[in-house]
Amino acid sequence: MSSCAVAASNSPAFSPSSSSCICSPKTCSSPRLFRVQKTSSPSGLIRASAGADFPAVSKRKRPPRLDIPVALMDSSVRREAVAAEEERVEVEGDGFSVFCKKGRREVMEDRYAAVVDLQGDANQAFFGVFDGHGGVKAAEFAAENLVKNIVQELKRREDDDGIELAVRKGFLTTDSEFLRQDQQGGTCCVTALIRQGNLVVSNAGDCRAVVSRGGVAEALTSDHRPSREDERVRIEELGGFVDNRNGVWRVLGSLAVSRAIGDQYLKQWVTAEPDTRILWLKPEHEFLLLASDGLWDKVSNQEAIDIARPLVTNLDEPMPLSACRKLADLSVSRGAVDDITVMLIQLGRFTNTHSAN
C-alpha cells in the first residue's frame, strides 16, 4: 500500500493569540513572543520588566540583556503565512482525525502532519501538531521535514533501543536545517511515532499528548515553560534568565516557551531537544490526543478524555472528528482566543492485530 501523508503546509491549521498581548492584534505576531520597545540609552538594549517574586531568579546576577532585533517581534506574518480564508479545517484519515479552529487573529500559525502506512507498514505511522509563533515558517518546515528526518535516523539504527535517539536527532536536525534558512519565528511540537508495537511520544514546547488508558487520562508529555524549575535552572546555567511580564514567565522577557524548533535569536537558551516517552501499546490504550495549548489552556487532561471517549469507544461507527470538534468548541466556550488544533488517533488501528483482521 502506498504511503498516505497529510502535511498541512498550505492549509490553514492555525495559530495562537492572546488577549494579554501588549500590542494590538495587527502588530503582535504571537502571544508567545512579547514585543518590547528599545530604550533611549546609547546601547539600544531591549528592556524587559521583572514581575512577581520568583525564587532564585532575583538572587542571581543576570547577564547583559539580549539585543533582540525588533523585527523578531514585529508582525511580518501577512507576508509569511497563508491567509486564513476558512474559520476551521476538518480532516478524517485512516485511523486519525483533525479539527482546527481559527482564533481571533487574522493569521493561523499551527500546522499538523500525518503519515500512515509509514515505510510501507500498515502498523506504522507518524503524527504531529506544530504550534508556530512569530510567523508560520517554522511550523510549516517542521510539518514537512520532521518525519523525513526521523525516518532517516531510524534507518541508520536497526535496534529498537535507538528509537529515542533517532527521534532526538530528527528534532535537532530539523531545527538546524530551519535555522540555516535564516527565517523568523519558531514552533512548538508534539509528535507520535507508532512503530513495532511501540508508541513513541515526543515534545518540545507546550503542545501536549494525552492517552486514554481505559478511560483514565495519562499525560505523556510535560509542557516546556520557563516557569518550570528544571527549565529555569537550565536557562540560567547557560547564562540566560527568566522574567515575568504581566503574569507570564518568559525566556529573557520574550518567549513564553523554553523549547522549540527555530527561534534563532534565542537559540542559546531555547533548545529543540525533545523529551520522549515510549509505551508498549496494549488494548487498554484506546486513543491518543495531540493538541496545541489552545485546547489545554482551557480543558484539563481528564476532561478531554471524558468528552472524547463516548464518541470513539464501544461504538459501531466511532465519531472521532466530532470528538475533536466538541473539545475545541468547549475551549472556545470557556474564553479561548488562541487557535486550536486537536488530533485524535485511534490506537487500535495500528496494533499488530489490525493486520490480522
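Start by selecting Phe96, Phe127 and Phe350, which form one aromatic cluster. Rings of Phe, Tyr and Trp (its six-membered ring) pair here if their centres lie within 6.5 Å; planes under 30 degrees apart count as stacked, over 60 as edge-to-face and the rest as tilted. You are looking at a predicted model, in which local features need pLDDT of at least 70 and side-chain atom pairs count only at pLDDT 80 or more, while totals for chains, interfaces and linings use all residues. Residues are numbered from 1 along each chain as its sequence is written, and side-chain values use heavy atoms, with hydrogens and water left out.

**Stop 1: the rings**

The structure holds three aromatic pairs. One of them joins phenylalanine 96 and phenylalanine 127: the pair is tilted, at 5.5 Å centre to centre with 55° between the planes. Phenylalanine 96 sits in strand E3 (residues 96-101) and phenylalanine 127 in strand E5 (residues 125-133), so this pair ties together parts that are 31 residues apart in sequence. Helices (H or I, at least four residues) and strands (E, at least two) are DSSP runs, numbered from the N terminus.

Is phenylalanine 127 buried or exposed? Phenylalanine 127 is buried, with a relative accessible area of 0%; buried means under 20% relative accessible area, exposed over 50%, and partly exposed in between (1.4 Å probe, protein chains only). Now turn to its pair with phenylalanine 350: the ring centres of phenylalanine 127 and phenylalanine 350 are 5.7 Å apart and the planes lie at 65°, so the pair is edge-to-face. Phenylalanine 350 is in the loop between strand E15 (340-346) and helix H9 (352-356), so its pairing with phenylalanine 127 in strand E5 ties together parts that are 223 residues apart in sequence. Phenylalanine 96 is buried too, with a relative accessible area of 2%.

**Stop 2: strand E5 and its partners**

Next, select all of E5. Nine of the nine residues of E5 are buried, so the strand is largely enclosed by the rest of the structure. Ala125, Phe127, Val129, Asp131 and His133 lie on one side, with Phe126, Gly128, Phe130 and Gly132 on the other. In a regular strand the side chains alternate between the two faces of the sheet.

Add strand E4 (residues 110-116), which pairs with E5 in the antiparallel sense over seven bridges; two strands pair if DSSP finds at least two bridges between them. Tyrosine 112 has valine 129 of E5 as its bridge partner. Then add E6: E5 and E6 pair in the antiparallel sense over nine bridges, and phenylalanine 130 has cysteine 189 of E6 as its bridge partner.

**Stop 3: the nonpolar core**

Which residues have the most contacts inside the largest nonpolar core? They are Phe127, Leu199, Leu288, Leu290 and Ile345, in a core of 41 residues. A nonpolar core is a set of buried Ala, Val, Leu, Ile, Met, Phe, Trp, Tyr and Cys residues joined through side-chain atoms within 4.5 Å. Strand E6 (residues 186-195) gives this core its largest share, four residues.

Centre the view on isoleucine 345. Not counting residues up to four places away in sequence, isoleucine 345 touches ten-strong company that includes Phe96, Phe127, Leu288, Leu290 and Phe350; contact means heavy atoms within 4.5 Å.

**Stop 4: strand E14**

Select residues 285-291, strand E14: seven of the seven residues are buried, so E14 is largely enclosed by the rest of the structure. E8 and E14 run antiparallel and are joined by six bridges, with alanine 291 of E14 as the bridge partner of arginine 208. Five bridges join E14 to E15, again antiparallel, and leucine 290 stands opposite methionine 343 in E15.

**Stop 5: aspartate 206**

Aspartate 206 is found in the loop between strand E7 (198-204) and strand E8 (208-213). At 2% relative accessibility, aspartate 206 counts as buried. Leaving aside neighbours within four places in sequence, aspartate 206 is in contact with residues including Arg32, Asp223, His224 and Asp293.

**Stop 6: helices H3 and H5**

Glutamate 140 lies in helix H3 (residues 137-156). Its side chain and that of arginine 111 are joined by a polar contact of 3.3 Å.

Finally, go to helix H5 (residues 229-237), where Glu231, Arg232, Arg234, Ile235 and Glu236 are buried. Their cover includes strand E10 (242-245) and strand E11 (248-251). Just after H5, glycine 239 takes a positive phi of about 90°.

Notes: Polar contact = N/O pair within 3.5 Å; in protein donor to acceptor, adjacent residues only side chain to side chain.
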